[in-house]
Amino acid sequence: MTAQPRIDKRPRSVAGQVFLLQVVVVVLLVLGAVLALLLQSRHDGDREARTRSIAVAETFAQTPGLLAALESPDPARVLQPITEETRKAAGVDFIVVMDTKGIRYTHPQPERIGKRFVGTIEPSLAGEVIVESVDGPLGQEVQAVVPVTAPNGSVVGLVSAGLTVESVTGAVYQQLPVILGAGAAALALAMAGTALAARRLKRQTHLLGPAELARMYEHHDAVLHAVREGVVIIGDDGRLVLANDEARRLLELDPDCEGQRVADLPGLDAATADLLASGRAATDEVQAAADRLLVVNQRPTHGSAGPTGAVATIRDSTELQALTGRAEIARTRLKLLYDAGVGIGSTLDVRRTAQELADVAVPRFADFVTVDIADPVLHGEEPNGGGTMRRTGVSGIRDDHPLYPLDRLIMFVPSTPQARGLGSGRAEVVTDLSQAPGWQAQDPVRAKEIVEYGIHSLITVPLQARGVVLGVANFWRSQKPGAFEEEDLSLAEELVARAAVSVDNARRYTREHALAVTLQRSLLPRTLPEQSAVEVAHRYLPAQSGVGGDWFDVIPLPGSRVALVVGDVVGHGLHAAATMGRLRTAVHNFSTLDLPPEEILGHLDDLVGGIDQDESNCDGGQEMTGATCLYAIYDPVSRRCTMARAGHLPPAVVRPDGTVEFPDLPAGPPLGLGGMPFEAAELELAEGTQLVLYTDGLIEERGRDIDVGIEELRRVLAHPGRPPEESCQAVLSALLPARPKDDVALLIARARVFGPDRVAEWDVPREPSAVAGTRAAAAAQLDEWGLSELAFSTELILSELVTNAIRYGSGAIRVRLVNDHGLTCEVADGSSTSPHLRYAATMDEGGRGLFLVAKMAERWGTRYTAEGKIIWAQQALPGPNGDSEALLDLFDTEIM
């Protein structure tokens, strides 16, 4: 191997050496200027930062309204937007307002609010202004701390303003481009001068020696023949001047082709020869040459120093085109899978998901797609293993196809690929339906119509998730030129696999939603009980996300009173519905005790606290955090309504004239917190007044403030004389969107009043002789009401109750009869002693009074009031036989 001469890398010309000297001088001048600028700017920048920080901090500390903002309940909320606006206008990096302990109220980084200020504040607390450099949250900072003084001279807060070192030195960097630009201009001038000198020298001496020229041509020849692209040079006379090895191979040229006319070259395609001989410009023109596709690029040459002609490059695109076709197919399939991932399973609905699978595959993969789902899956159940399918999704390029229509029940025969797929879970390809007797056995007449229609091939893929086959998807081709092939099977399986997961999720959601709805409907009141105190209308609307914990109830109470209840358990789903059922049952049980509303809520609070305690002690237990309730008792005789609430929204009271009020009820804590008693408020309701109880889902919405919702509710309810049923519909139409985010319970009750024609009451002296007068007065009142058949039992009941009140009670005694769905006898006195029913022995002289009352009345009980207690007994109104049956039962009982 011959040794190559070493190439000296150093500039050997005078022009090169002069240029190198000029570069060194310019670089030294630029470096000196930059260094001087940095030293000067460091001093000026520090002084400017201190001056600006002090000015901004003192100006902001003396801003009117700052003292009032510091004394407000939430200084951070007031001051944060003001400081940020001032900071941007003043051109500083931060303005921090803090209290005298250094706790920040404002900061450019909101997460720093409430944390301690980084810096020295003691001199400023003494009334001084301090400037220092610290390593703060924004980096190295120059900051000034200024006191905020009250009119009496005391320091009530501090203000700090400052800049980071980066901001201070930023001005320096803005001047660097000027210096560097001047240096670059000097270098450009030096380069231009050197180039002019070098050009003049080249005209005088060519510089290159024989060895260097030879080496240059060797490199040129090696590169020309090594590239994988054909290169040809054609002279202006149409002769081939040069062709590299790749051009000879692609054009199949002879070894001695150079120098010949292009049009006369043997084996060259005529169109390619015409293009090369024309010398015109061409860009990526495709030419056929034998079994190849050649891409030709050609440019004419018009160099002043060289010959004219044309230069063409040629490359083989046959393999590239085939690869491009395969890449396009792969890209199309990936796009289809992507669209399937986005478009399938957009809802938790089995039918919609099946239709989405059919839609996404037409027409990019198949001309028609049908999806058949096992019938139990549509109802949220597991497939039962039978072969009965329901056509759930159909899509095609035309609507007149002969395939089974939507909702058709199909039983696939064992010879069909669908039946085999349902049994084995494997997909199948039928390339020619006209030659598939097993498929035609399903329905020979329809199969003939399908083939005549032009559908020629099929892919059937089972939909399976968790190893369970849920249905089958069928892909049909008619107009596409080729039948389905085995390589299409993987794409179909991938599409169906994605859809199967969504179908299974939708099935499970359907089942869980149906269970939750069934549970909740069983827990909510199906029909409201019969009562005369109020006219009631109600609505319950589940949320878009499913069932929730909102509930309501109407509970008849003794004395023709009624309890109106509405509550809300936070959350959705089975847990919220189950918890709601427990609370509703508890409210019914506590209501039988005839307790005041505040005591009812106290018992509910204890119950919820116990539920939380039990669930928090269980592994994986879901703690119930957030249950509210509003409990109201209305007495149509006294027109008094007593209400108490536990974290619930106050009710709306619609007066007969249309005036809407939201009474200021004491707001107790939500149920389960414990530790605080509940308070009740009492209202007097005129006849026709409507009491509106609701849950927060009615007035709260993401884009609407709760106060706006309450005012909208007030506006909708302000219609005098409108029945509760119409009010319910108007409220829901005005306040709720089409798909509410939260469930809503609404209860509207219009108050009725019992007049003297249905109520009789009188005072009884505390004398045994007054019992006879009470019996007589009761009998007279019953005659007036047409209830003479109840006279005997009523006299007996009143005799026992009044006698007990005289003997064992205290204070004034008052008797009240209420004629409603039943006859209620009430005896009130000032004692709080509770009577007890007992069975008297045969020889006992007493102890049978309450026993007689219990036998004669349907129900009896005691309720306590602020003045004492009321013992009541309720009898059914007489039927066809009057009260003879009750009397017979009484005398049949051994009481003597």
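**Close-up 1. Val232 and its partner across the strands.** In this predicted model, Val232 has Ala312 of E9 as its bridge partner. The two strands involved here are E5, covering residues 230–235, and E9, covering residues 309–316. They pair in the antiparallel sense, with six bridges between them. E9 also pairs with strand E8, residues 292–301, again in the antiparallel sense, and this time over eight bridges. Look along that pairing for Val295, whose bridge partner in E9 is Arg315.

**Close-up 2. An open sheet of four strands.** Reading across this sheet, the strands come in the order E1-E4-E3-E2, with antiparallel pairing. Strand E1 (94–98) and strand E2 (130–136) are the edge strands, and each of them pairs on one side only. From one strand to the next, the twist averages 30°. Now zoom in on strand E3 (residues 139–149) and strand E4 (residues 155–164), an antiparallel pair held to nine bridges. A handy spot to find your bearings is Gln143, which stands opposite Gly162 in E4.

**Close-up 3. An open sheet of five strands.** The order here is E27-E28-E29-E31-E30, and the pairing is antiparallel. Strand E27 (759–764) and strand E30 (859–864) sit at the edges with a single partner strand each, so one side of each has no neighbour in the sheet. On average, and ignoring direction, neighbouring strands of this sheet are turned by 15° against each other. Inside the sheet, strand E29 (residues 822–829) and strand E31 (residues 869–876) run antiparallel and are joined by eight bridges. Pick out Thr824 and you can find its bridge partner in E31, Gln874.

**Close-up 4. Two helices on the five-stranded sheet.** Helix H20 packs on the sheet and touches E27, strand E28 (813–819) and E29. The direction of H20 makes about 170° with that of E27. Helix H21 lies across E27, E28, E29 and E31, and runs at about 15° to E29.

**Close-up 5. Where H20 and H21 cross.** The axes of helix H20 (residues 770–785) and helix H21 (residues 791–808) come within 9 Å, crossing at roughly 145°. This crossing is right-handed. On the H20 side, the contact is made by Val771, Thr774, Arg775, Ala778, Ala779 and Leu782. H21 brings Ala791, Thr794, Glu795, Leu798, Ser799, Val802, Thr803 and Ile806 to the contact. Sort the residues of this contact by character and you get eight nonpolar, four polar and two charged.

**Close-up 6. A cluster of phenylalanine rings, with an arginine on one of them.** Phe365, Phe475 and Phe484 are linked into a cluster by ring pairs. For context, a search of the whole structure finds four aromatic pairs. One ring of the cluster has a charged neighbour: Arg477 lies over the face of Phe365, at 5.9 Å from the ring centre.

**Close-up 7. Another arginine over a ring.** Move along the chain to Phe754 and look at the face of its ring. Arg758 lies over that face, at 3.9 Å from the ring centre.

**Close-up 8. A cis peptide bond in a loop.** Most residues other than glycine have a negative phi, and most peptide bonds are trans. The bond shown here, from Val362 to Pro363, is cis, with omega near 0°. You will find Pro363 in the loop between helix H10 (350–361) and strand E10 (368–374).

**Close-up 9. A positive phi at Arg466.** Arg466 is a residue other than glycine, yet its phi is positive, near 55°. The loop that holds Arg466 runs between strand E14 (457–465) and strand E15 (468–477).

Terms used:
Residues numbered from 1 in each chain as written. Predicted model: local features only at pLDDT ≥ 70, side-chain atom pairs only at ≥ 80, totals over all residues. Heavy atoms only, no water. Phe/Tyr/Trp six-rings, centres within 6.5 Å; stacked < 30°, edge-to-face > 60°. Lys NZ or Arg CZ within 6 Å of the ring centre and 35° of its normal. Axes fitted to C-alpha atoms, helices over the stretch in contact; angles between N-to-C directions. Left-handed = near helix turned anticlockwise from the far one by under 90°. Contact = heavy atoms within 4.5 Å. Nonpolar A, V, L, I, M, F, W, Y, C, P; charged D, E, K, R; others polar. Pairing = 2+ DSSP bridges.
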